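Please take a moment with the sequence and the structure below before reading on. The paragraphs that follow go from the protein as a whole to its cysteines.

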Amino acid sequence: TFPEYSSPTLNATVGQPDGSSKMCLSCHDGSVADDILESHNDHPISFIYDETLATADGQLKDPTTTTTVIGGTIDHDLLQGHKVQCSSCHDPHDKNNDGFFRITKTNDVLCLTCHLDNSLFP
């Protein structure tokens with residue numbers, strides 16, 4: 001089991017990692033890989049991101065209608081089965097975008113793909 005992400009501003013239901021995130025965490029759990037991905041304190045994974053969540057949260061864009069710089073909707077380009085997974089932001093096969101990011105993090109472009117406001121970003 002993995003520590004679950006928690007935040008007082010989180011409106012999604014987050015449980016144990018599933019899908020492709022389990023594969024990532026098989027190494028990036030703090031016990032094997034040098035570059036540890038700490039999903040429990042960085043960003044939630046393995047949760048459904050849909051229009052209902054975006055509406056309830058108020059700071060998320062609708063993933064079914066918002067387009068990304070990749071060219072499709074958030075749901076099509078970044079989600080797996082309507083869920084945020086590690087691979088929503090990271091592409092382990094592409095080192096070109098700021099260290100394995102699917103979209104550049106420069107000027108918060110990656111974060112602002114889904115979030116309306118960058119005031120909560122570290």
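Of the 122 residues in this protein, 31% are buried, and the surface that the protein exposes comes to about 7500 Å², with carbon and sulfur atoms supplying 52% of it. Among the contacts with a separation of 6 or more, 51% are accounted for by residues that lie 24 or more positions apart in the sequence.

The model is a predicted one, and its pLDDT averages 86 over the protein, with 85% of the residues scoring at least 70. Where pLDDT is low, the predicted coordinates should not be read in detail. Among the elements of the protein, the lowest mean pLDDT, 87, belongs to helix α1 (residues 20-25), whereas the highest, 98, belongs to helix α3 (residues 74-78).

The secondary structure consists of five helices and two strands, and a reader who follows the sequence meets them in the pattern α-β-α-α-β-α-α.

How many disulfides does a search of the whole structure find? The search finds zero. Cys86, for instance, takes part in no disulfide, and the nearest cysteine sulfur, which belongs to Cys24, is 4.2 Å away, whereas a disulfide would need the two sulfur atoms to be within 2.5 Å. Cys86 is itself buried, with a relative accessible area of 9%.

For Cys114, the closest cysteine sulfur is that of Cys89, and because the two sulfurs are 6.8 Å apart, they are too far from each other for a bond. Cys114 is buried as well, at a relative accessible area of 15%.

Technical notes: Residues numbered from 1 in each chain as written. Predicted model: local features only at pLDDT ≥ 70, side-chain atom pairs only at ≥ 80, totals over all residues. Heavy atoms only, no water. pLDDT = per-residue confidence, 0-100. Helix = DSSP H or I, 4+ residues; strand = E, 2+ residues; numbered from the N terminus. Buried < 20%, exposed > 50% of the residue type's maximum accessible area, 1.4 Å probe, protein only. Contact = heavy atoms within 4.5 Å. Areas by Shrake-Rupley, 256 points an atom, 1.4 Å probe, with all protein chains shown as cover.
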